[in-house]
Amino acid sequence: MCFIKENKYKFVIIDSVSVFCRKEDEISELFNYIHSVPNTNFILIAHQTKAGSYRGSTNLAHLSDITIKLDDGIATTTKNRFLADNKI
């Protein structure tokens, strides 16, 4: 992922982060990397099971600043360190 630092992207979207980071320590490594890239915003997309739990590590939810849930085309925040929940 060193190409991200070299190209100075403003946004990076990683879809299916649970596939990208299969082991518990890989989530921490990813967040350490994200913090080492200034002026780049990362959007990590994690998928839930039908039961509502995260696929793979639950560490992602603990380390994220904002968690957005999408149901039937309606986005609501379930965690937001910057504003009250349900405000996007």
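These entries record what I looked up around Ser64 and the salt bridges of this predicted model.

**Entry 1: Ser64**

I first located Ser64, which sits in the loop between helix H4 (59–63) and strand S3 (66–71). I then asked whether Ser64 is buried or exposed. Its relative accessible area is 12%, so I noted Ser64 as buried, the limit being under 20%. Next I looked up which residues Ser64 touches, leaving aside those up to four places away in sequence. The contacts are Phe31, Lys79 and Arg81.

**Entry 2: Asp65 and Arg81**

I turned to the salt bridges and found a count of two. One of them joins Asp65 to Arg81, and its closest N and O atoms are 3.3 Å apart. I checked where the partners lie: Asp65 is in the loop between H4 and S3, while Arg81 belongs to the segment after strand S4 (74–80). The two residues are 16 residues apart, and I recorded the pair as linking distant parts of the chain. For accessibility, I read 37% for Asp65, which is partly exposed. Arg81 has a value of 48% and is partly exposed. I also noted again that Arg81 is among the residues touched by Ser64.

**Entry 3: Asp71 and Lys69**

I looked up the salt bridge between the side chains of Lys69 and Asp71, where the N to O distance is 3.8 Å. This pair qualifies because the cut-off is within 4 Å. I read a relative accessible area of 42% for Asp71, so I entered Asp71 as partly exposed. Lys69, at 35% relative accessibility, is partly exposed.

Methods: Residues numbered from 1 in each chain as written. Predicted model: local features only at pLDDT ≥ 70, side-chain atom pairs only at ≥ 80, totals over all residues. Heavy atoms only, no water. Helix = DSSP H or I, 4+ residues; strand = E, 2+ residues; numbered from the N terminus. Buried < 20%, exposed > 50% of the residue type's maximum accessible area, 1.4 Å probe, protein only. Contact = heavy atoms within 4.5 Å.
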